[in-house]
Structure formats: C-alpha cells, structure tokens
Amino acid sequence: MSTRVRLVVGGFAALLILGSLGWMWKQSLLPDAYSATAMGYPDYGVDPQGRPLPPSSDHYVHGHHGQHGQQGQTVSVDDLVEHTDRTADVRVDLTAQANVLTMAGHEIDGYTINGESPGETIVASQGQLVEVRLHNQNVAEGVALHWHGIDVPNAEDGVAGVTQDAVLPGKSHTYRFVARKAGTFWYHSHQLSHQQVAGGLFGAVVILPKHGIDQKLDLTAVAHTYSGNRTLNGKAGDARAEAKPGQKARVRIVNTDNGTLTTWASVPYRVVAVDGYDIAKPTTVGKRRLDIPAGGRADLEVTVPRKDAARVQVGAATAYVIGPRLAYPDAPPQPGTALDLLSYGSGKADIPKPNRSFTYSIGRRPGFLDGRPGFWWTINGQLLPEVPMFMVRRGDVVKFHIDNHSGEAHPMHLHGHHALVVARDGKPVTGGPLWVDSIDVQDDQTIDLVFRADNPGIWMDHCHNLPHAAQGLVAHLMYEGVTTPYKLGGKAQNRPE
C-alpha cells in the first residue's frame, strides 16, 4: 500500500472516530429543562417465568428529553399528598442558610438550618401529623428537603425537579406527612445534594412508637464529616450522657456521610432496629463491629456496666459515652469481624412472591455525561440519561436484583419504600426479616430485594454516595400513570444531585 493510500485510509478512519465521538457528545447533551419521566427508556420487568411484561393497556407515560407520551387516565405528583386537613400535631420551622461553620477550631464554608448543623432533631409520635415549613434565607442554588427513610406521599418527597421546584432565596415550602412508622430517620437537601449535604444541610428525625420505648435513655448520634473533620452531633470528640449502672440506653446512629460508618462498643450490645424497622429477636453482640451504609441508620441498645461507663464508638474518632459522670473508659479496639445482619435475629417476613422483577446492574465505562467526557457509572450498561425507568403498578410485589460489577461499593437507596433483603450472591437470608431503605452492595456482589408497590409516585433509586449519583448512578421507580409538572434544570435551577 502506497504512502498516499495509507494517509487517505488513516484520515478516513480518524474522521470516522471523530465523527462517532461528536455524535456521542451531541447525544449526551441534556436540554435546559426536561422531565424525569423522559429519561432513558421504560423497563416493565419480567414475570415469574422470566417473560417480559408489557405496559398496562390504559396507561403509558414516557417520552424522550421532555416529550411526554400519554394514554389513559393519569395523576400528577402534586395530587399525591397527605389527604387530611386536620391541624398538625408537630409544627417545625426550618430556615436554610449559607453560613460559615466552626468545626474543631476550623472555619468552613457550609450551610446551617436555624443557625446550626446538624439542624434540629424533629421528634414526633407514631400517628401524629408533622408539618415542616422550609424557608430559604440565602442559599443561592435553592434548597429542597427529602425525608430519608420516611415513606411519605410522593408530593412530600422533596426532590427538586421531580416532586417540587427548588426553594429559591426568600421563598418557602411546606411539607406535611403522617408519622406512620416509628423509627430513626433523617432529612437532608435533595437539591445539589452532593454539595449541600456535605456542607451541613441535614438533621435527624425520631418517630416514637405509641407505646414508648423500652430504654429509659434515648440518644441520637448523628455522624458527619465536615471538610475532613469527623463530628458527632456537630461537634468534634465524644458525646456524653449520664446514666446509672444497669440502665439501658438506645443509641440511634445516623450515617450522613458518603461512605460506610463503622460502630462498635466497649460492652455487649444488641441491634434493635435498622433503617426504622425493629429487628426480630435480636441477640447480644460481643466483639464484632456493625457497618452502616451511607444514609443508613442503626439503633444499638447497651447496658451501663456496674463499675464503668459504656462506650459506643461511632467511627474511630467519636463515641457516645454513657454512664456515671466521672467514668470514662478507654476506646475499645475496633473488631476485625463485622456483624452480618443477614444472619442476625430470627423470624419470617409476611410478603407474597414477586410478580414483577427487575435487574439493576451497576457498571462503569468511558463516555459523555451531558457533554463531559469521563469514566462514568452505568445502569444496565447505559449512561445517564439513557438509563432504565423501572415501571410498576400499584399492588405489584416487586423484586430488584442488584448486580454490582463497577469496581467500587455502592450504598443504594430507594425513595418512598422499604425493601426486604432476601438474598446475597444468590444465597437466601438466614436471619430475621431485614427491611432497609439503604444498603451497601459491594463490588462483585449481588443483592436481591423485595417490596410492595404501595406508594404511587415517581421515586429516585440511586447511590447514596452522593457524588456517585451526581456522576450518573441514579434511576427512577415510576408508577404507571403518574406524571410530574416539574422539570430538571429550567428557571427553578432544579438539580437534585
């Protein structure tokens, strides 16, 4: 082959490559404003025999980059509210502000709620109607509050661009929901969440059961890292609670960071609840640690020893010390073995067999994300926004098979629902029922979850390592026939991740 021919062939090949890259770049560009229902393609899952399920004959809502296809009767997320006009039992006013935080002697640019971070802990009793008025004082990018782990009606979910517009400076928004499920939860911004949560826009929620709790001491331990500074309840170092020997304490640990939080204790403990759900027949745990995924919560019960205090380590840098005033035990060494919650407790869950199943396969590959080249997360092989929209109907019993082959662990979080963990790496759970809203899926691991589709709406299903979500690891669970008037982007600057 002559030099001239080789140059022509090489030039032609280069043009093909550049043309393909240009086409991929253009296809990845997002409009200035588009609907979450226009992302990717509808996936209706498969039936118990593995056959693809069709859309309902009277509902179809999907389009491409902002174009809706509609057939039959639909309902807007704005109509999926708490249908009660009774007076609220618990009323809270929260003011979000861009602020300077002082952590461990360091000044950090961040955010506060009512002048502090974490924001105040919202406490309610089971069955009470909670009303929260969010006001944005000066957060230029806008704010929205998601009620993490509380299965609120869809209109109250607090996801900018999906269930509401971001609340811009000087504006307010009111959330109303009934505290139906007792447990430990938290709230956080879902507008630019990877920045605003890290900067301090969050707080805890404790919903007490009607009959109260067994423990006399009820303590909340909110763990967060502000610009490298590890804190417990917004302060560096240990927290303390005075208690008498023999007294039981419940420590509600909330992991607000992007990575796994490890906890253990100087005394035997029991894990009495995970993600707001009680553990059936929890047994005493000795020298083992508990790993809590990003966004997850765990309630530990400890008994104050006769001659010392109980020390609950919340990570290596902070602890909750519970006991007599002058007692201060040394930090116990971190156990090398983790408690496996999938073999902890006992009992059976009352849930029918799934009638609709999905695969949520997490990978990574090079490509363009909204015009930016990089090495991005994928869902079922696709880059955002061409990811699956998992379509369900109210009344379905849904199974998710999560397969992670991306090279990193991912703490996966489904909004609006709790799911029962039924298998890991194909092996059935051997412990008691474990209901979660946040679960770590390790690299080269599979997790099977089952839940009831009993809360209509458009719900995010994403990684709670929030930078990962901002890098494309986000999909939606969508009920057929549900629409949203809100747009990602647009005048409201909606950017949930």
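Between which two strands does the loop that holds D275 lie? D275 sits in the loop between β19 (269-274) and β20 (277-278), where strands, like helices, are DSSP runs numbered from the N terminus (at least two residues of E for a strand, at least four of H or I for a helix). Although D275 is a residue other than glycine, its phi is positive, near 50 degrees. D275 has a relative accessibility of 2% and counts as buried, a term that means under 20% relative accessible area, with exposed meaning over 50% and partly exposed the range in between (1.4 Å probe, protein chains only).

The model is predicted, and local features need pLDDT of at least 70, side-chain atom pairs count only at pLDDT 80 or more, and totals for chains, interfaces and linings use all residues. Residues are numbered from 1 along each chain as its sequence is written, and side-chain values use heavy atoms, with hydrogens and water left out.

**Backbone in the loops**

A second positive phi in a residue that is not a glycine, about 55 degrees, belongs to N114. N114 is placed in the loop between β7 and β8 and is partly exposed, with a relative accessible area of 35%. P118 is found in the loop between β7 and β8 (119-125) as well, and the peptide bond that joins S117 and P118 is cis, with omega about 0 degrees. Another cis peptide bond leads from L384 to P385, with omega near 10 degrees, and P385 belongs to the loop between β26 (372-379) and β27 (388-392).

**Sheets**

An open sheet with mixed pairing has six strands in the order β2-β27-β36-β35-β29-β33, two strands being paired if DSSP finds at least two bridges between them. β2 (41-43) and β33 stand at its edges with a single partner strand each, so one side of each is left without a neighbour in the sheet. Neighbouring strands of this sheet are turned against each other by 25 degrees on average, direction ignored; the axes are lines fitted to C-alpha atoms, for helices over the stretch in contact, and angles run from 0 to 180 degrees between N-to-C directions.

A further open sheet, of four strands and also of mixed pairing, has the order β7-β6-β9-β11, with β7 (106-113) and β11 as edge strands that each pair on one side only. The following table sets out some strand pairs.

| Strand pair | Sense | Bridges | Citation |
|---|---|---|---|
| β29 and β33 | antiparallel | four bridges | |
| β25 (356-369) and β28 | parallel | seven bridges | |
| β28 and β34 | antiparallel | eight bridges | |
| β6 (90-103) and β7 | antiparallel | eight bridges | |

Single bridges give the register of these pairs: P411 has D440 of β33 as its bridge partner, S357 has K399 of β28, V398 has F451 of β34, and N99 has G110 of β7.

**Nonpolar cores**

The largest nonpolar core has 84 residues, of which V271, Y320, I322 and Y360 touch the most other members; such a core is a set of buried Ala, Val, Leu, Ile, Met, Phe, Trp, Tyr and Cys residues joined through side-chain atoms within 4.5 Å. Strand β36 (residues 474-479) contributes the largest share of this core, five residues. Apart from it lies another core, of 30 residues, which includes V92, L94, I150 and A160.

**Pocket and cavities**

The largest pocket has a volume of about 630 Å³. On a 1 Å grid over the protein atoms alone, a pocket is an open set of points with protein on both sides within 12 Å along at least five of seven lines, a cavity is a set of points where a 1.4 Å probe fits but cannot get out, and lining residues have an atom within 4 Å of a point. Grid points are joined across faces, edges and corners, and a volume is the space filled by probe spheres set on the points. Of the 28 lining residues of the largest pocket, D151, R180, G416, D454 and N455 are the closest to its centre.

The whole structure contains two cavities of 30 Å³ or more. The largest cavity, of about 120 Å³, has a lining to which β29 gives the most, with three residues. The second largest cavity holds about 30 Å³ of space, and its lining includes H146, W147, H413 and D437.
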